[in-house]
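Welcome! Take a moment to look over the chain and its fold before reading on. The notes that come after are meant to be read with the structure open beside you.

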Amino acid sequence: MTSENLRQPYRAGFGCFVGRPNAGKSTLTNAIVGQKIAITSSKPQTTRHVIRAVLHRPDSQLVLVDTPGLHRPRTLLGERLNDLVRQTWSEVDVIGLCVPADEPIGRGDRFISGELAELNATVLAVVTKTDLVDREQLAKQLVAVSELADFAEVVPVSAVSGHQVDTLVDVMTRYLPESPQLYPDDMLTEEPEQVLVAELIREAALEGVRDELPHSIAVVVEEMIPEERVMKIYADVYVERPSQKAIVIGHRASRLRDVGIRARRQIEELLGTRVYLDLHVRVAKDWQRDPKQLRKLGF
Ligand SMILES: Nc1nc2c(ncn2[C@@H]2O[C@H](COP(=O)(O)OP(=O)(O)OP(=O)(O)O)[C@@H](O)[C@H]2O)c(=O)[nH]1
Ligand SMILES: [Mg+2]
């Protein structure tokens, strides 16, 4: 046999990570494609958009669809997010159910794995954040997770240390169909720049806020104007109540200034150009429950 015969067929397809909020799905997606495409935070329900990120390898293309965490919805926004997740499940070839290594398996995990059993896609279990536990704890969690459902494989991984990230990709790729390339060679995501920029601003705005406020923040980029040496960006940060507006702006606008500085750094990295960022905080009363406002904000 020649080496030509031994070569694997080209595979391409879609994968996604599911799991309860904060399980580490977006961080893992970024670690796999090697670039920050999805925003992440320690607040649950950070992801609100379905974002596709493409990993190119010589003999495969894995398109990862980052989705919100599945949760019990309390608002219209929550319902919409759950719908997005379920729709994605029906469109992908391989699903990784993410369960953090450092937290006991809960009702949320059981509920999600039950729902996954109905699908056509191959379902793997991914035990995330392995850097946070010792070997013994990890071994216990692997056993507990395997008992949740009949998974094709169970893979432990740490997006932070990089441990087993490549192995996880190998495993996911194995379950992709033989297919021609789906996206051009250099395409990392098809997400419009405007959306990625809005997400980076939201990520910066999430840092240091508590309780209900993280859920109340939405960001819309109104304009991006390329000038000779700088990109001018005008964006609105929405909250639900005037009291929240005061918190986001902070004493003498100090908080908003910090948010702007952090966001600008990230946006400059993304766009590879200098950025002038103009942020405005506005109140969109109870937007999470209002169909009209939701539409305006892109949901
Ligand atoms: N130590 C450690 N922390 C991690 C790892 N992966 C994610 N995290 C942290 O876990 C938190 C949640 O990560 P995300 O990637 O935003 O989680 P998510 O599942 O996308 O959350 P939602 O979008 O809210 O559903 C963040 O604070 C991450 O920094 C990991 O491998 N190790
Ligand atoms: Mg996320």
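Here is a short tour of the domains, the ligand shell, two helices and a few loop residues.

Please keep in mind that this is a predicted model. The protein chain is assigned two domains, with domain 1 running over 3–174 and domain 2 over 193–296. There is also a ligand, and 24 residues surround it.

**The two domains**

- Taken over C-alpha atoms, the centres of domain 1 and domain 2 are 28 Å apart.
- Where the domains meet, ten residues of domain 1 and twelve residues of domain 2 take part in the contact.
- On domain 1, the side that touches domain 2 is made up of three nonpolar, five polar and two charged residues.

**Around ligand 1**

- Which residues come closest to ligand 1? They are G24, S26, T40, T47 and G69.
- Helix α2, which covers residues 25–33, gives the most to this shell, with three residues.
- Sorted by class, the shell around ligand 1 holds 14 polar, seven nonpolar and three charged residues.

**Helix α3**

- Helix α3 covers residues 76–89, and its 14 residues should span 20 Å at 1.5 Å a residue; the end C-alpha atoms are indeed 20 Å apart, so the two values agree.
- Which residues of α3 are buried? They are L77, L81, V85, T88 and W89.
- These buried residues cover an arc of only 125° around the axis, and therefore sit on the same side of α3.
- Turn to the other side of α3 and you will find E79, D83 and Q87, which are exposed.
- The cover over the buried residues of α3 includes three strands, β1 (11–18), β3 (60–66) and β4 (94–100), together with the helix α11 (291–296).

**Helix α10**

- Helix α10 spans residues 254–271. Its 18 residues reach 26 Å from the first C-alpha to the last, close to the 26 Å expected at 1.5 Å a residue.
- The buried residues in α10 are V259, A263 and I267.
- Looking down the axis of α10, you would see its buried residues fall within an arc of 60°, so they line one face of the helix.
- S254, I261 and E269 are exposed on the other side of α10.
- Among the elements that cover the buried residues of α10 are α7 (193–206), β8 (230–239) and β9 (274–283).
- Following α10 comes G272, with a positive phi near 65°.

**Two residues with positive phi that are not glycine**

- K129 is a residue other than glycine, yet its phi is positive, near 60°. Look for K129 in the loop between β5 (122–128) and α5 (135–146).
- Is K129 buried or exposed? K129 counts as buried because it has 23 C-beta neighbours inside 10 Å.
- R252 is not a glycine either, and its phi is positive at about 50°. R252 lies in the loop between α9 (242–249) and α10.
- Why does R252 count as exposed? The reason is that R252 has 8 other C-beta atoms within 10 Å, and a residue with 12 or fewer is exposed.

**Loop residues and their distances along the chain and in space**

- Q45 belongs to the loop between α2 and β2 (51–57). With 17 C-beta neighbours inside 10 Å, Q45 counts as partly exposed.
- Q45 and L70 are 25 residues apart along the chain, and 8.6 Å separates their C-alpha atoms.
- What does Q45 contact, leaving aside its neighbours within four places in sequence? Q45 is in contact with P21, P68, G69, H71 and H215.
- E103 sits in the loop between β4 and α4 (107–116). E103 has 16 C-beta neighbours inside 10 Å, so it counts as partly exposed.
- From C-alpha to C-alpha, E103 and L77 are 26 Å apart in space, and they are 26 residues apart in sequence.
- E212 is in the loop between α7 and α8 (213–216). Because E212 has 11 C-beta neighbours inside 10 Å, it counts as exposed.
- For E212 and V171, 41 residues apart along the chain, the C-alpha atoms are separated by 38 Å.

Conventions:
Residues numbered from 1 in each chain as written. Chains lettered and ligands numbered in written order. Predicted model: local features only at pLDDT ≥ 70, side-chain atom pairs only at ≥ 80, totals over all residues. Near = placed C-beta within 6 Å. Helix = DSSP H or I, 4+ residues; strand = E, 2+ residues; numbered from the N terminus. Nonpolar A, V, L, I, M, F, W, Y, C, P; charged D, E, K, R; others polar. Domains from an automatic or database assignment. Contact = placed C-beta atoms within 7 Å. Expected span 1.5 Å × (residues − 1). Buried ≥ 20, exposed ≤ 12 C-beta atoms within 10 Å, placed from the backbone. Arc of directions from axis to C-beta.
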